[in-house]
Amino acid sequence: MSKIGIKPIADIFISHIHADHVTGLPGMLMLLNQAEPEGTVRIYGPRGIGAYVRAQERTLGFERNYPLDIVELTEAEGVAMTAETFDVVYKRLRHRTRCLGYAVCENQGRGGSASRKRVNSACRKDRRGGGCSAGSR
Ligand SMILES: [Zn+2]
């Protein structure tokens, strides 16, 4: 834990590459140096997020003291990540650029069991305004 209260973050989900959604990312990645992440930090996002992050690192000249993995989600929908008790599912949303909505869904400890059915279920819940949430501006 750092003196300035930055907590380690393991996973970062980016919906789309518009300025109001990504310009804070380089600063957050720099601050994570002080949080001393315990493992790989992963950024999930639409195609192009890797090029954006690498360009920011190169242009701003910052160095990390932790490994960074960038996962570009190129399918229309799927499972972004699976943890012990939940999955993060995603689905392409209608927007002016490639955009993904995410939903966190319990997996009852099955780990890795999220399927297309679960993605669709999460999105149905979102449309009704309950349960999982996914959205963009
Ligand atoms: Zn936007």
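The following questions and answers concern the fold of a predicted model.

Q: In what order do the elements of the chain run from the N terminus on?
A: The secondary structure of this chain comprises 4 helices and 6 strands. Read from the N terminus on, these elements follow the order β-α-α-β-α-β-β-β-β-α.

Q: What is the mean pLDDT of the chain, and over which residues does pLDDT stay under 50?
A: For the chain, the mean pLDDT is 83, and 74% of the residues reach 70 or more. A stretch with pLDDT under 50 nevertheless has 23 contacts beyond four places in sequence in the model. That stretch is residues 128–137.

Q: Which strands stand at the edges of the parallel sheet, and why is one side of each left without a neighbour?
A: One open sheet consists of 3 strands in parallel pairing, ordered E1-E2-E3. Each edge strand has a single partner strand, so one of its sides has no neighbour in the sheet. The two strands in this position are E1 (11–13) and E3 (68–72).

Q: What does the twist of the parallel sheet average from one strand to the next?
A: The sheet in question has the order E1-E2-E3. From one strand to the next, its twist averages 15°.

Q: Which residue of E2 is the bridge partner of Phe13?
A: Strands E1 and E2 (residues 41–45) run parallel and are joined by 3 bridges. In E2, the partner of Phe13 is Tyr44.

Q: At about what angle to E3 does helix H3 run?
A: Helix H3 covers residues 49–60, and its 12 residues reach 16 Å from the first C-alpha to the last, close to the 16 Å expected. After H3 comes Gly61, with a positive phi near 65°. The helix lies across both E2 and E3, and its angle to E3 is about 150°.

Q: Which strands are at the edges of the antiparallel sheet?
A: A further open sheet has 3 strands with antiparallel pairing, in the order E4-E5-E6. Its edge strands each pair on one side only, and they are E4 (77–82) and E6 (100–106).

Q: How many residues are in the hairpin connection that joins E4 to E5?
A: E4 and E5 (residues 86–92) pair in the antiparallel sense over 5 bridges. Within this pairing, Val79 stands opposite Val89, and Glu77 has Lys91 as its bridge partner. The hairpin joins the two strands through 3 residues.

Q: Over how many bridges do E5 and E6 pair?
A: Asp87 stands opposite Cys105 in E6. The pairing of E5 with E6 is antiparallel, and the number of bridges is 7.

Q: Why is E5 largely enclosed by the rest of the structure?
A: In the sheet order E4-E5-E6, this strand is placed between E4 and E6. A residue counts as buried when 20 or more other C-beta atoms lie within 10 Å of its own. E5 is largely enclosed because the number of its 7 residues that are buried is 5.

Q: What percentage of the contacts with a separation of 6 or more comes from residues 24 or more positions apart?
A: Across the 137 residues of the chain, buried residues make up 22%. Among contacts in the chain with a separation of 6 or more, the share from residues 24 or more positions apart is 64%.

Technical notes:
Residues numbered from 1 in each chain as written. Predicted model: local features only at pLDDT ≥ 70, side-chain atom pairs only at ≥ 80, totals over all residues. Buried ≥ 20, exposed ≤ 12 C-beta atoms within 10 Å, placed from the backbone. Contact = placed C-beta atoms within 7 Å. Expected span 1.5 Å × (residues − 1). Pairing = 2+ DSSP bridges. Axes fitted to C-alpha atoms, helices over the stretch in contact; angles between N-to-C directions. pLDDT = per-residue confidence, 0-100.
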